[in-house]
Amino acid sequence: MKKILIIIVLFLNQLSFGQYFSLTQNGFISKENKDYVVIDFPGEKQIDIYKKVLNAINTIYTDPKEVLSVVDGQSITIKGYEEKKLDVKEKLNYLQIGKSTIKYDISYSLSILFKDDKIRINSPSFECRKWYDNVGWIYLRLMKDNDTKRGIYNKSGKLVAEGADKGLNDYFNSLINQIVDKSKNINEW
């Protein structure tokens, strides 16, 4: 009985997970094909929503002062960095033989704007990179072109960095979901 309950809880958690953005060759887009999503906070004033979201973000980050830029009551921008957060399968060498999992660091920016009854979250901007002692920083760009060796998508829009799209989708949607959930439940302790 306990196992069945655990399975049901895990299943419900998966259903409640908000899929706010999806990565495309043009960056993140919402279900409505926009570069932002609007999330309702019915019956709440702009300043109250702002305070709840700010409090929620403060509980998520170890040192919020380092990652936050705010316009009091109007907007919050998160500039975050996660080491070795994105797993991508890449070909081992130019001969295209075998694959290896590369762990990239993610630098990102996420902006949240406030109005009465709702917030607007702009699509995340990001940069993926990995440090190699003998080379320096190697970047995984959104689009692979003649000037870049590594890209998530090639020039024709085909996914070429296996796992990058899922990893980035999961990371940012989970972060946004965490912010929204904590914001809506911040006073329930």
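## Exposure and Lys115

A residue counts as exposed when its relative accessible area is over 50%. Lys115 has a relative accessible area of 54%, so Lys115 is exposed. The model discussed here is predicted.

Lys115 lies in strand β6, which covers residues 99-115. Lys115 also belongs to a positive surface patch. Its other members are Lys34, Lys118 and Arg120.

## Nonpolar patch

Tyr81, Trp131 and Trp137 make a nonpolar surface patch. The patch has an area of about 310 Å².

Tyr81 sits in strand β5, residues 75-91. How exposed is Tyr81? Its relative accessible area is 36%. Partly exposed is the class between under 20% and over 50%, so Tyr81 is partly exposed.

## Fold layout

The protein chain has 4 helices and 10 strands. In what order do the elements run from the N terminus on? The order is α-β-β-β-α-α-β-β-β-β-β-β-β-α. The chain thus opens with a helix and ends with a helix.

Take the contacts between residues at least 6 apart in sequence. Of these, 55% join residues at least 24 apart.

## Burial and surface

The protein chain holds 189 residues. Buried residues make up 38% of them.

The accessible surface of the protein chain comes to about 12100 Å². Carbon and sulfur atoms account for 51% of that surface.

How values were computed
Residues are numbered from 1 along each chain as its sequence is written. This is a predicted model: local features need pLDDT of at least 70, side-chain atom pairs count only at pLDDT 80 or more; totals for chains, interfaces and linings use all residues. Side-chain values use heavy atoms; hydrogens and water are left out. Patches are made of residues with over 30% relative accessible area and no salt bridge: like charges are joined within 9 Å, nonpolar side chains (Val, Leu, Ile, Met, Phe, Trp, Tyr) within 5 Å. Accessible areas come from the Shrake-Rupley method with a 1.4 Å probe; for residues, only the protein chains shown count as cover. A salt bridge is a side-chain nitrogen of Lys or Arg within 4 Å of a carboxyl oxygen of Asp or Glu. Lys and Arg count as positive and Asp and Glu as negative; His and the chain ends are not counted. The place of a charge is taken as NZ of Lys, CZ of Arg, CG of Asp or CD of Glu. Helices (H or I, at least four residues) and strands (E, at least two) are DSSP runs, numbered from the N terminus. Buried means under 20% relative accessible area, exposed over 50%, partly exposed in between (1.4 Å probe, protein chains only). Contact means heavy atoms within 4.5 Å.
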